[in-house]
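Please work through the exercises below with the sequence and the model side by side, trying each task before reading its solution.

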Amino acid sequence: QVQLVESGGGLVQSGGSLRLSCAASGSVSNVVHMAWYRQSPGLERELVADITKGGLTRYVDSVKGRFTIARDSGMHTLYLEMNSVKPEDTAVYYCSANALVDVSMRQFWGQGTQVTVSS
């Protein structure tokens, strides 16, 4: 099992910056992939950015050049640096981890942190 706790959300003005953190505990050594998702009211949860244990990253087009995903070497903490934020970035942001449990890959979720961007 992997437990995830997000922090760092809040209210920020358009054009500002915010840094989200996700603390992982439990069977962290089995984590192979971590990601940030977000969900706005009435919309489906979408993948914002992800990172592998090897450090490969991907971003949804709408945040490329503005957001940066990073993690510490042991996959204990995941970060999302959000710059030049826009009102459309307003959402609940969730941390996710994929870990090998027994013989299968399982996905774990944090409880989410609210990010609100004012115009």
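The exercises that follow concern a predicted model, and each task is followed by a solution in steps.

**Exercise 1. The open sheet**

Task: Find the order in which four strands form an open sheet, and state which strands stand at the edges.

Solution: Begin with the order of the strands, which is E1-E3-E8-E7, with antiparallel pairing. Next, look for strands that have a single partner: these are strand E1 (2–7) and strand E7 (67–71), which stand at the edges, so one side of each is left without a neighbour in the sheet. Neighbouring strands of this sheet are turned against each other by 15° on average, when direction is ignored. As a last step, follow one pairing in detail: E7 and strand E8 (residues 77–82) pair in the antiparallel sense over five bridges, and isoleucine 69 stands opposite leucine 80 in E8.

**Exercise 2. The disulfide**

Task: Determine how many disulfides there are, and work out which parts of the chain are tied together by the pair of cysteine 22 and cysteine 95.

Solution: A disulfide is a covalent bond between the sulfur atoms of two cysteines. The cut-off for the search is 2.5 Å between the sulfur atoms, and the count comes to one disulfide. Cysteine 22 and cysteine 95 form this link, with their sulfur atoms 2.1 Å apart. Cysteine 22 lies in strand E3 and cysteine 95 in strand E9, so the pair ties together parts that are 73 residues apart in sequence. The angle about the S-S bond is -75°, and the link is left-handed. To finish, check the surroundings of the two residues: cysteine 22 is buried, and cysteine 95 is buried as well.

**Exercise 3. Salt bridges around arginine 38**

Task: Establish how many salt bridges a search of the whole structure finds, and then describe those that arginine 38 forms with glutamate 46 and aspartate 89.

Solution: The search of the whole structure finds six salt bridges. In one of them, the side chains of arginine 38 and glutamate 46 meet at 2.6 Å, N to O. Their accessibilities can be read against the cut-offs, since buried means under 20% and exposed over 50%, with partly exposed in between. Arginine 38 has a relative accessible area of 6% and is therefore buried, whereas glutamate 46, at 30%, is partly exposed. Arginine 38 also forms a salt bridge with aspartate 89, where the closest N and O atoms are 3.0 Å apart. Aspartate 89 lies in the loop between E8 and E9 and arginine 38 in strand E4 (residues 31–39), so this pair ties together parts that are 51 residues apart in sequence. Aspartate 89 counts as buried because its relative accessibility is 0%. The final step is to place these residues in their wider setting, for Arg38, Glu46, Arg66 and Asp89 are linked in a network of salt bridges.

**Exercise 4. Aspartate 61 and lysine 64**

Task: Describe the salt bridge between aspartate 61 and lysine 64, and decide whether each of the two residues is buried, partly exposed or exposed.

Solution: The closest N and O atoms of aspartate 61 and lysine 64 are 3.0 Å apart in this salt bridge. Aspartate 61 has a relative accessibility of 63% and so counts as exposed, while lysine 64, with a relative accessible area of 49%, is partly exposed.

**Exercise 5. Two polar residues of strand E9**

Task: For serine 96 and asparagine 98, find the side chain with which each makes a polar contact.

Solution: Start with serine 96, whose place is in strand E9 (residues 91–101). Serine 96 counts as buried because its relative accessibility is 1%, and its side chain makes a polar contact of 2.8 Å with the side chain of glutamine 107. Leaving aside neighbours within four places in sequence, serine 96 touches several residues, among them Leu4, His33, Phe108 and Trp109. Asparagine 98 is also found in strand E9, and its relative accessible area of 16% means that it is buried. The side chain of asparagine 98 makes a polar contact with the side chain of histidine 33, at 2.8 Å. With the same neighbours set aside, the contacts of asparagine 98 include Asn30, Met105 and Gln107.

How values were computed
Residues numbered from 1 in each chain as written. Predicted model: local features only at pLDDT ≥ 70, side-chain atom pairs only at ≥ 80, totals over all residues. Heavy atoms only, no water. Helix = DSSP H or I, 4+ residues; strand = E, 2+ residues; numbered from the N terminus. Buried < 20%, exposed > 50% of the residue type's maximum accessible area, 1.4 Å probe, protein only. Polar contact = N/O pair within 3.5 Å; in protein donor to acceptor, adjacent residues only side chain to side chain. Contact = heavy atoms within 4.5 Å. Pairing = 2+ DSSP bridges. Axes fitted to C-alpha atoms, helices over the stretch in contact; angles between N-to-C directions. Salt bridge = Lys/Arg side-chain N within 4 Å of Asp/Glu carboxyl O.
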